[in-house]
Amino acid sequence: MGDKKHALVLWRSEHSLLSVEDLASAAGVHTGIVESFVRYRLIEPSSNSASGQLFSTSTVARLQRIVHLRHELGVNLAGVAVILQMTEHMEALQRELEDLRQRPGLMGYR
């Protein structure tokens with residue numbers, strides 16, 4: 001039963017924004033964990049509605065990364081914030097480099 005609920009939440013997440021409850025369920029954590037990470041600004045809602053905060057589907061992966069760093073590697077919240085910031089910066093640089101490589105004549109020396 002839990003797997004079906006998890007699959008349903010993931011399907012819904014591909015088509016819409018997630019509530020705190022849906023986000024927690026999709027990441028396999030309690031809603032209190034999500035609320036705590038929002039307070040520490042490790043995750044941020046995409047928008048707010050009358051029924052509460054709503055999160056983009058990409059937040060599921062970020063939340064899972066945070067949980068992995070916290071609970072499996074023992075990183076404190078300040079460390080998690082730094083690791084996430086550095087990882088996102090490196091990913092942006094990698095995308096930029098790939099874009100440059102796709103431009104004819106700019107990176108002709110491989």
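Contact here means heavy atoms within 4.5 Å. The model on screen is predicted.

**Whole chain**

Start with everything selected and colour by secondary structure. The protein has five helices and three strands, and from the N terminus on the elements run α-β-α-α-β-β-α-α. Switch to a surface: the accessible surface comes to about 7,800 Å², with 54% of that area belonging to carbon and sulfur atoms. Of the 110 residues, 28% count as buried. If you draw a contact map, keep the pairs at least 6 apart in sequence; 44% of those contacts join residues at least 24 apart.

**Helix 2 and helix 3**

Next, select residues 20-27, which form helix 2, together with residues 31-39, which form helix 3. Their axes are 8 Å apart and the packing angle is about 110°, so helix 2 is roughly perpendicular to helix 3. Show side chains at the contact. On the helix 2 side are Val20, Glu21, Leu23 and Ala24, and they meet Thr31, Val34 and Glu35 of helix 3. By type, the residues of this contact divide into four nonpolar, one polar and two charged.

**Inside helix 3**

Keep helix 3 and drop helix 2. Which residues of helix 3 are buried? They are Val34, Ser36, Phe37 and Val38. Val34 thus appears both in this buried set and in the contact with helix 2. An α-helix has 3.6 residues a turn, so residues three or four places apart point the same way.

To see what the buried residues of helix 3 pack against, add helix 2, strand 3 (52-55), helix 4 (58-72) and helix 5 (77-102) to the selection.

Now move past the end of helix 3 to Arg41, which follows the helix and has a positive phi, near 60°.

**Ser46**

Continue along the chain to Ser46, in the loop between helix 3 and strand 2 (47-49). Is Ser46 buried or exposed? Its relative accessible area is 45%, so Ser46 is partly exposed.

Expand the selection around Ser46 by contact. Leaving aside residues up to four places away in sequence, Ser46 touches Leu17, Leu54, Phe55 and Ser56.

End on the pair Ser46 and Ser56. They are ten residues apart in sequence, while their C-alpha atoms are 6.0 Å apart in space. Draw a distance from the side chain of Ser46 to the backbone of Ser56: a polar atom of that side chain lies 3.2 Å from the backbone nitrogen of Ser56.

Note on methods
Residues numbered from 1 in each chain as written. Predicted model: local features only at pLDDT ≥ 70, side-chain atom pairs only at ≥ 80, totals over all residues. Heavy atoms only, no water. Helix = DSSP H or I, 4+ residues; strand = E, 2+ residues; numbered from the N terminus. Buried < 20%, exposed > 50% of the residue type's maximum accessible area, 1.4 Å probe, protein only. Areas by Shrake-Rupley, 256 points an atom, 1.4 Å probe, with all protein chains shown as cover. Axes fitted to C-alpha atoms, helices over the stretch in contact; angles between N-to-C directions. Parallel < 35°, antiparallel > 145°, perpendicular 65-115°, else oblique. Nonpolar A, V, L, I, M, F, W, Y, C, P; charged D, E, K, R; others polar. Polar contact = N/O pair within 3.5 Å; in protein donor to acceptor, adjacent residues only side chain to side chain.
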